[in-house]
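Reader: I'm new to reading protein structures. Could you walk me through this one with some questions and answers?

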Protein chains: 2
Amino acid sequence: MSTLNSENATTLENAMQLMIQTFHKYSGNEGDKYTLSKTELKDLLTQELGNYLGHAQDKDAVEKVMGDLDSNNDGEVDFSEFVILVGALTVACNDFFQEYNPDKGGKKE
Amino acid sequence: MSTLNSENATTLENAMQLMIQTFHKYSGNEGDKYTLSKTELKDLLTQELGNYLGHAQDKDAVEKVMGDLDSNNDGEVDFSEFVILVGALTVACNDFFQEYNPDKGGKKE
C-alpha cells in the first residue's frame with residue numbers, strides 16, 4: 001500500500017506528523033503509553049508550549065487544562081483531546097496575527 | 001512584550017506555525033484573504049494533503065469536505081474550520097499508527 005513518507009511530505013503533513021511525535025514523546029513515559037497522565041501533560045505543556053502559555057505553568061493551570069481536556073473524566077488526556085488543545089491554541093494564535101496584521105485593510109467583505 | 005520566535009520555537013510550536021502558514025498560503029489567493037473559497041480549498045487539499053487524501057481529489061470530494069467544514073454555510077472555510085479538518089485527519093493518522101504498532105502489546109490498561 002502507499003505509505004506516508006516524510007521525505008516527500010508537504011508542509012502540512014509535516015505539521016501533522018510533528019503533533020503525533022510530540023504527543024508520543026510524552027505519553028510513553030508512564031502508565032498507558034497512548035494517553036497523557038497529569039504529570040506527562042504538565043511536562044508537555046512546560047517543555048513544548050512554554051512560549052505560548054508563558055506564565056500559566058503553575059499547578060492550577062495544569063489542573064484547569066486537564067479538567068477542560070479530559071472530556072471522559074478518566075484523569076488521562078488521549079490524542080484526540082490533545083489535538084483539541086493544540087487546535088484551540090493555534091486558532092488563538094492565528095487570531096492574534098490577523099488582528100495585528102497591518103494589511104488587514106485589504107480584507108474583502 | 002515577549003513574542004513567538006521561530007528560532008527557539010519547540011517542535012509543537014513549529015507545527016502550529018506550519019498550519020497557520022499553510023492556510024494563509026492559499027486563503028490569500030482570491031476573495032476574503034482570511035478564508036478559503038472552494039477553489040482555494042481544492043488547491044490546498046490537492047497540493048498539501050495529496051499523500052493523505054490520495055484518490056479523493058475529485059470534485060465531489062471537495063464539495064463534501066466544504067459542506068462538512070463550512071459550519072456557517074457561507075461558502076468559505078475559515079481558519080478554525082480548517083483546524084478541525086487537520087485535527088480530524090491527524091487523529092485518524094495517529095489511530096492508524098497505533099493500530100499497526102507492533103509494540104501495542106506493551107499498553108497498560
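Author: Here are some questions about helices, salt bridges and single residues, taken one at a time; keep in mind that this is a predicted model.

Reader: Let's start with the two α1 helices. Are α1(A) and α1(B) roughly parallel or roughly antiparallel to each other?

Author: Helix α1 of chain A and helix α1 of chain B each cover residues 11-27, and they pack at an angle of about 155 degrees. Angles over 145 degrees count as roughly antiparallel. Therefore α1(A) and α1(B) are roughly antiparallel.

Reader: And how far apart are the axes of those two helices?

Author: The crossing of α1(A) past α1(B) is left-handed. As for the spacing, the axes of α1 in chain A and α1 in chain B are separated by 8 Å.

Reader: What kinds of residues make up the contact of α1(A) with α1(B), and how many are nonpolar?

Author: On the chain A side you'll find A:Thr11, A:Leu12, A:Ala15, A:Leu18, A:Met19 and A:Thr22, and they meet B:Thr11, B:Leu12, B:Ala15, B:Leu18, B:Met19 and B:Thr22. Leu, Ala and Met count as nonpolar, while Thr falls among the polar ones. So the contact has no charged residues, 4 polar ones and, to answer you, 8 nonpolar.

Reader: Now for the charged ones. Which residue forms a salt bridge with A:Lys38?

Author: Side chains of opposite charge can pair when their charged atoms come close. Here the closest N and O atoms are 3.2 Å apart, and a salt bridge needs them within 4 Å. The pair links helix α2 to helix α4 of chain A, across 25 residues. The partner of A:Lys38 is A:Glu63.

Reader: In chain B, which parts does the salt bridge of B:Glu63 and B:Lys38 tie together?

Author: The side chains of B:Glu63 and B:Lys38 meet with 3.3 Å from N to O. At 33% relative accessibility B:Glu63 counts as partly exposed, and B:Lys38 is partly exposed too, at 38%. Because B:Glu63 and B:Lys38 lie in different elements 25 residues apart in sequence, the pair ties together helix α4 and helix α2 of chain B.

Reader: What separates A:Asp68 and A:Lys64 along their helix?

Author: These two form a salt bridge as well, with the closest N and O atoms 2.7 Å apart. A:Asp68 and A:Lys64 are both exposed. They sit 4 residues apart in helix α4 of chain A, so the separation is about one helical turn.

Reader: How many salt bridges does the structure hold over all chains?

Author: The ones we've talked about include A:Lys38 with A:Glu63 and B:Glu63 with B:Lys38. Over all chains, the number is 6.

Reader: Is A:Thr90 buried or exposed?

Author: A:Thr90 lies in helix α5 of chain A. Beyond its sequence neighbours, A:Thr90 touches B:Met16, B:Met19, B:Ile20 and B:Phe79. The relative accessibility of A:Thr90 is 0%, so A:Thr90 counts as buried.

Reader: One last thing: what is phi of A:Asn73 near?

Author: You'll find A:Asn73 in the loop between α4 and β2 of chain A, and A:Asn73 is exposed, with a relative accessible area of 66%. In chain B, B:Asn73 has a positive phi of about 55 degrees although it is not a glycine. For A:Asn73, phi is also positive, near 55 degrees.

How values were computed
Residues numbered from 1 in each chain as written. Chains lettered and ligands numbered in written order. Predicted model: local features only at pLDDT ≥ 70, side-chain atom pairs only at ≥ 80, totals over all residues. Heavy atoms only, no water. Axes fitted to C-alpha atoms, helices over the stretch in contact; angles between N-to-C directions. Parallel < 35°, antiparallel > 145°, perpendicular 65-115°, else oblique. Left-handed = near helix turned anticlockwise from the far one by under 90°. Contact = heavy atoms within 4.5 Å. Buried < 20%, exposed > 50% of the residue type's maximum accessible area, 1.4 Å probe, protein only. Lists of a residue's contacts leave out its neighbours within four places in sequence.
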